[in-house]
Each structure stands twice: as C-alpha cells, then as structure tokens.
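Colleague: I am new to this structure and would like to go through it step by step. Could we start with the sheets and work outwards?

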Amino acid sequence: MAFKRTDEKKGLSLPGLIDIIFLLLIFSLVTLSISQARIEKNVAGNKEIEFDLPEMRSSDVVEADNLLKTLMFQIELVDNSDEKSGKVVYVLRPLEDRPISIRGARQRALQDSLFAVFPENFLELNDKDFSDTPPCKLIERSIREYKENHFFNPSPANRIEIRAVKSTEFRIFNYILNLCSSYGDTIPQVIIHTLGGREVRDGIQ
Amino acid sequence: MAFSKVKIKKDRLELVSLIDMIFILLVFFLVTSFVMRTPLQETILYIPTPENVLGRAQIVIQIIDKNRVLWLDDSASSIVEQIERNYGYLSETRLRNRIFSALINENILSFSQMQERLTLLCNRADENSFSDYFVLIRCPNEVPFSMVISIISKINDTRYRNIRYGCVGGTLDEIKNSRAIRTAVERYRGKIRKNIIIDF
C-alpha cells in the first residue's frame, strides 16, 4: 500500500506568539524595576535597615532622617547572624563642617575606636560595676563631652538618639536615659529609632 | 441567481490563548500584591528622660516578663483601702504583704489583655481632649526595650496626644520589698483623691 504523504506546513500561531511576547515583556519590566529599586536602596546606603529595630505600632509616624544631626548611640549585635551574641555600642557623632550619614558616622566610629562590647554577664552586675564597664564609660564620656560642647542651656531641641537592635536589654537603654536625666532639663528627651510602615500599622488591635 | 447560504461561524474559545490570559492575570496579581506592600521605613519616637522628682502616675504598668504585666490604676486604690480597713491591726510588713498579694491576684495581665486595656484608655482619652493621663512604665533590666516601645507606640496613638508617658527601670520584687504600700488622700489639681503610695 502506498503511504500517503501529508505535507502540512507547521505555522507559528500569531496570537500565541503575541501572548508569549507580552509575558516576556511584563516579566522583564517587573524584574528590571525590582532590581533597580534594590540598586537604589544600596546606593542610598542609609535607607537600608541593617538590623531589626523595634516596631512602632502607630498610625502617626515620623520618618527618620538619614543624616546624623546629634549624638547617636547605635547598639548592634556583635554577630548580626546570631541573636544570642553580645551587644556592641557605637558612638556616632555629627561633623561640625559637613553633614554625615549614619553609615558614614559608623565607619568613623570604627576608625576612631568609638565602640565597645558589653560583657556577657552585664545583667548580673550591680549598678556600680555595670557603670564601670567600658561601654558604659564610653557612653558616659560621650554624653558629657557632647553636652559640654553643644547643649549649653535647657532646651527641648537638645536630644540624643538611640538606634538599637530590638533585642537590646532595657538595662542599656535605661542607663542612657538616666545619664541624660542627670543633666536635668538640659537633655529633656531621647529619640528612639523604630520601624514603622503599613505592615506594622496593620497589626494594631 | 441563487444566493449562497451565509455560513455562520461558531465562536470557539481558543484554549491556548485562554491559558495565556490566565497566566498573564496570575502574574499581574502576584506582582501587584508584591509591589503594594509598602516597605518598612525607619521612624522615630520621642521618649522623655525621667525626672528626679516624686513619681506620680494615674496608671503604672510594671512589666514582669515578656508575657505578663502588673497594671495598677484607680481600681487598685480601692483594693488597698479595703485591706487597710479590714486588716489594719496587722504589722506593717504583714499588711504590706497582704496588699501586695491582693494586687498581684487582681491586676496581673497577659500582654494581650494589657493591649485591650490600653485600647480602652486610648478611647477614653480620644473622647475628651481635656483629659490628661500619665502612664508610668517600669521595666526590669533583662527585658528587651522593644516591649516598652510597643506600649509607648500604642499610647502615643491618641488623637489629642493627651496620654503622657515615662519609663523607668524597676522590678516586681522592688514593689514587693518596698517599705510600704498604702493609700493617702491628696489634693491634686484642685481635686481630692485617694492615691496609692509605694514607698521604695
């Protein structure tokens, strides 16, 4: 029996082709915009949140400035990947002649050795021994010097900032509060850096 | 001339295009849901430094641990007053211990219960712009400071900002071992009130 030869032309379906092109277009547009956003975030540097700050569950949030305006204590984990590692405090000081970012000030603190690690047993120390630890001495000296050079009179504008990982023990925070408090109305408040945003606000009961 | 019959083509749904459209819609919704999530932004919160004066507060929140707090407000003064009336013959230490146990039994709240009370407090503050509250938060050394921040951020969320707050270090044991817990009649802002005094 002779085989019948069918000679069907395999044509490309135009609607299918257009759909695939559209899919590829959307995919490339989306990946481009996401990667660009990440690049911008990295370039801005300061916008990036390097560690977990405490969350602020409020509908009225004030966005933090990326530039350092006053003395700031940045408290981080010694090892960011290990939640149980100790705490280290960096003293970030603004420059007199030009603005400096938080990240830039942290680099300077590293270069100038303006950082100290809290001992592992700092929660077990009594108040006197705790205040004698190197990080507490560093904090105390920094506040005193900054106050002598910048806070001449009592004013609500005299502030000190704390940017601390959310697992920071209250003892460290309370120590800074009490030091500021010892100057009376000269340093009437501290600023705490927190995380705010839609996801956090949605959690309000 | 005979007219040819007009052939009516039946509209058929193209399966390939349908699948493509479904995929496009799926990608669109996935992407929009991803983009619509506003990233967390860094914000700031002002906290007043403690004053070196006699502490006075309408509400004291003593954090015990990550899950429990002791909540002391106006209702606590009536508990203390009742015990003072019924057990006034006891020695000062025994009376203080009895008051402390009663306060513990009646006023220890879980974190979620405290959140509910804070919501009620915020609602009360929002109803009257002239009302003025002061909440004192006492926190032990080992508890993460983020717990204090979560309480402050809640009471900071009022319309008239008429809930003031402060935070100090302190433990439940310090209240337990205080020299005295008693009530006292005081005149404050022209009003005579019965307050609890905890003498550390």
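Colleague: In what order do the strands of the open sheet of 7 strands stand?

Modeller: This is a predicted model, so what follows describes a prediction. The sheet is open and its pairing is mixed. Its 7 strands, with the chain in brackets, have the order 1(A)-1(B)-6(A)-5(A)-2(A)-3(A)-4(A).

Colleague: Which are the edge strands of that sheet?

Modeller: An edge strand pairs on one side only. That holds for two strands of chain A, covering 62-63 and 115-117. They are strand 1 and strand 4 of chain A.

Colleague: How many bridges join strand 6 of chain A to strand 1 of chain B?

Modeller: Strand 6 of chain A covers residues 189-196 and runs antiparallel to strand 1 of chain B. Within strand 1 of chain B, B:I44 is the bridge partner of A:H193. The number of bridges joining the two strands is 8.

Colleague: Which residue in strand 1 of chain B is the bridge partner of A:V62?

Modeller: Strand 1 of chain A and strand 1 of chain B pair in the antiparallel sense, over 2 bridges. The residue that partners A:V62 there is B:I44.

Colleague: At the other edge, which residue in strand 4 of chain A stands opposite A:Y90?

Modeller: Strand 3 of chain A, residues 87-92, is joined to strand 4 of chain A by 3 bridges. These two strands run antiparallel. Opposite A:Y90 stands A:F115.

Colleague: At about what angle to strand 3 of chain A does helix 4 of chain A run?

Modeller: Helix 4 of chain A is made of residues 134-150. This helix lies across strand 2, strand 3, strand 4 and strand 5 of chain A. Its angle to strand 3 of chain A is about 20°.

Colleague: Why is helix 5 of chain B largely enclosed by the rest of the structure?

Modeller: Helix 5 of chain B lies across strand 5 and strand 6 of chain A together with strand 1 of chain B, and runs at about 85° to the last of these. Its buried residues include B:F145, B:V148, B:I152 and B:K154. The helix is largely enclosed because its buried residues number 11 of the 11.

Colleague: Which element of chain B gives the most to the side that touches chain A?

Modeller: In the contact between the chains, 41 residues of chain B meet 49 residues of chain A. Helix 1, strand 1, helix 4 and helix 5 of chain B each supply at least two residues of that side of chain B. By class, the side has 20 nonpolar, 14 polar and 7 charged residues. The element that gives the most, with 8 residues, is strand 1 of chain B.

Colleague: Is A:E120 buried or exposed?

Modeller: A:E120 is in the loop between strand 4 and helix 3 of chain A. Its C-alpha atom is separated by 8.5 Å from that of A:K87, 33 residues apart along the chain. A residue with 12 or fewer C-beta neighbours within 10 Å counts as exposed. A:E120 has 10 inside 10 Å, so the residue is exposed.

Colleague: Which strands stand at the edges of the open sheet of 5 strands in chain B?

Modeller: This sheet has mixed pairing and the order 4-3-2-5-6. Each edge strand has a single partner strand, so one side of each is left without a neighbour in the sheet; the two are strand 4 and strand 6 of chain B.

Colleague: Which residue in strand 5 of chain B stands opposite B:I59?

Modeller: Strand 2 of chain B, residues 59-63, and strand 5 of chain B, residues 133-139, pair over 4 bridges. The pairing is in the parallel sense. The residue opposite B:I59 is B:V135.

Colleague: What angle does the direction of helix 4 of chain B make with that of strand 4 of chain B?

Modeller: Helix 4 of chain B packs on the sheet and touches strand 2, strand 3, strand 4, strand 5 and strand 6 of chain B. The angle with strand 4 of chain B is about 100°.

Colleague: At roughly what angle do the axes of helix 2 and helix 3 of chain B cross?

Modeller: The crossing of these two helices is right-handed. Among the residues that meet are B:I79 and B:I83 in helix 2 and B:I99 and B:L103 in helix 3. The contact divides into 7 nonpolar, 1 polar and 2 charged residues. The axes come within 10 Å and cross at roughly 145°.

Terms used
Residues are numbered from 1 along each chain as its sequence is written. Chains are lettered from A and ligands numbered from 1 in the order in which they are written. This is a predicted model: local features need pLDDT of at least 70, side-chain atom pairs count only at pLDDT 80 or more; totals for chains, interfaces and linings use all residues. Axes are lines fitted to C-alpha atoms, for helices over the stretch in contact, and angles run from 0 to 180 degrees between N-to-C directions. A crossing is left-handed if the near helix is turned anticlockwise from the far one by less than a right angle, and right-handed if clockwise. Two residues are in contact if their C-beta atoms, placed from the backbone, lie within 7 Å. Ala, Val, Leu, Ile, Met, Phe, Trp, Tyr, Cys and Pro count as nonpolar, Asp, Glu, Lys and Arg as charged, and the others, Gly among them, as polar. Two strands pair if DSSP finds at least two bridges between them. A residue is buried if 20 or more other C-beta atoms lie within 10 Å of its own, exposed if 12 or fewer, and partly exposed in between; C-beta atoms are placed from the backbone.
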